[in-house]
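Here is a short tour of the model in front of you. Have the viewer open and turn it as you read.

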Amino acid sequence: MEFYIPTRIYHEDGAVLNHGSEIASLGRKALIVTGRSSAVKTGALDDVIKALGDNDTEYVLYDKIEENPSVQSVMEAAAAGRSQGADFVIGIGGGSPMDAAKAAALMVQNRDTAEDVLYNPVKLKALPVAEVPTTCGTGSEATPYAILTRNDIKTKQSISHKIYPALACIDARYLKKTPADIIINTAIDALGHLLESYFNTKATKYSRVLSICGIENWAANTEALRRRDFTDNNYNSLLFASTLAGMAISHTGTSLPHGLSYYITYNKNIPHGKAVGMFLPGYMYVMHKNSVPGCKDVISKMGFKDLEEFTLFIKNCLGDIYITSEDKENMLKEIKDNPKKLLSVPSGIKEGDIMEIIKYYN
């Protein structure tokens, strides 16, 4: 058994202000990394700034992180942190700002290095990172991963360094001003983490405890996701499931649905959670076809009577997604060049299985 999660996590109303002194204790000057609007609209940025002010801690703000953050944006954020003398980083938002915050923390700490060090597997330290999620899907507040867009190779890729946040403050109130489409897409992303972690060659009894608990909490929200209407309990439950999913993939990584999603996110501009979701029914179909233990039990714990009902639910949430035959062939080629994802499949994987996963949704 191997289990490791060094991040201190608080999940409560008012988490940022309740633990402002702990956030401020990470350093003397924060680099706040976020997107252009969500941190402001949700109130999360105001809370972070107040928490820092209450504890006499300075900050520099970089608020230009785009969806599916690029290496270039990370380097811009890092340059802002370097020039202003930041010695810790706070990520606010969905997976994009939180992942970018980790990568920026590496680049600020290692100020004499260029961007190629992000993908160079050498041992380097990063500045301390605090994360404040405003969506319910990425789980980045509990993972060591940072997935960036690499325009040089036209895809998304995790950096070579594992950077666990020192601290995460999770407050469901931030979800109240998040659009329903984003809630749904990120919730489907969290489900992808849970399923891909459970059905994974690196899964253990311990990681599967997290996956099953996350699935059961996630399943309590299927009606709300269908209706696109959420209560405070839904927000808290979905965030809890998302964080558990992040803990699970910290030990296993993700599998083919995530690997396949990178192509269509980059080339078709389809949101990450939606891109992952379209491959989940096919992944479950291949697991069942190849007699991987646990398929029926997991589908039942999600609240569905069979794979067909699960597939209809996913299609109801995500709607139509059109990809061409050329796209399908390109996805197949790209994933065949990703041995890490191929080796994660517990049944082993054949080319025909991959194409079944790709084609299953449409």
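## Ground rules

Let's settle burial first: a residue is buried under 20% relative accessible area, exposed over 50%, and partly exposed in between, with a 1.4 Å probe and protein chains only. This is a predicted model, so local features need pLDDT of at least 70 and side-chain atom pairs count only at pLDDT 80 or more, while totals for chains, interfaces and linings use all residues. Residues are numbered from 1 along each chain as its sequence is written, and side-chain values use heavy atoms, with hydrogens and water left out.

## The chain as a whole

The chain's secondary structure adds up to 18 helices and 8 strands. These are DSSP runs numbered from the N terminus, with H or I and at least four residues for a helix, and E and at least two for a strand. The radius of gyration is 19 Å, close to the 21 Å that the globule rule gives for 362 residues, so the chain is as compact as a globular protein of that length. That radius is taken over C-alpha atoms, and the rule is 2.2 Å times the number of residues to the power 0.38. Along the principal axes, the C-alpha atoms fill a box of roughly 60 × 45 × 40 Å.

Of the 362 residues, 59% count as buried. Take the contacts (heavy atoms within 4.5 Å) with a separation of 6 or more: 79% of them come from residues 24 or more positions apart.

## Surface and charge

The accessible surface of the chain is about 15,100 Å², and carbon and sulfur atoms own 48% of that. Areas come from the Shrake-Rupley method with a 1.4 Å probe; for residues, only the protein chains shown count as cover.

On the charge side, there are 39 positive and 42 negative side chains, and the centres of the two sets lie 3 Å apart. Lys and Arg count as positive, Asp and Glu as negative, and His and the chain ends are not counted. Each charge is placed at NZ of Lys, CZ of Arg, CG of Asp or CD of Glu.

## Three helices worth a click

Start with helix 5, residues 71–84. Its 14 residues should span 20 Å at 1.5 Å a residue, and the end C-alpha atoms are indeed 20 Å apart; the expected span is 1.5 Å times one less than the number of residues. The buried residues of helix 5 include Val71, Val74, Met75 and Gly81. What do the buried residues of helix 5 pack against? Their partners are strand 2 (29–34), strand 3 (58–62), helix 6 and strand 6 (147–150). Right after helix 5 comes Gly85, with a positive phi near 75 degrees.

Helix 6 (residues 95–109) has 15 residues and reaches 21 Å between its first and last C-alpha, close to the expected 21 Å. Because 14 of its 15 residues are buried, helix 6 is largely enclosed by the rest of the structure. Helix 7 (residues 180–198) has 19 residues and reaches 27 Å, close to the 27 Å expected. With 16 of those 19 residues buried, helix 7 is also largely enclosed by the rest of the structure.

## Leu52, tucked away

Leu52 sits in helix 4 (residues 44–54) and is buried at 1% relative accessibility. Leaving out residues up to four places away in sequence, Leu52 touches Ile23, Ala30, Ile32, Thr57, Tyr59, Phe88 and Ile90. Gly95, 43 residues from Leu52 in sequence, is 22 Å away in space, C-alpha to C-alpha.

## Loops and positive phi

Arg228 lies in the loop between helix 9 (222–227) and helix 10 (232–252). Its phi is near 60 degrees, a positive value in a residue other than glycine, and Arg228 is partly exposed at 39%. Ala180, in helix 7, is partly exposed at 23% relative accessibility. Ala180 and Arg228 are 48 residues apart in sequence but 6.0 Å apart in space, C-alpha to C-alpha. Not counting residues up to four places away in sequence, Ala180 touches Arg228 and Phe230.

Ser291 also has a positive phi, about 60 degrees, without being a glycine. You'll find Ser291 in the loop between helix 13 (280–289) and helix 14 (295–301), exposed at 60% relative accessibility. Thr324 is in the loop between helix 15 (307–318) and helix 16 (325–336), partly exposed at 25%. The C-alpha atoms of Thr324 and Ile212 are separated by 35 Å, with their positions 112 residues apart along the chain.
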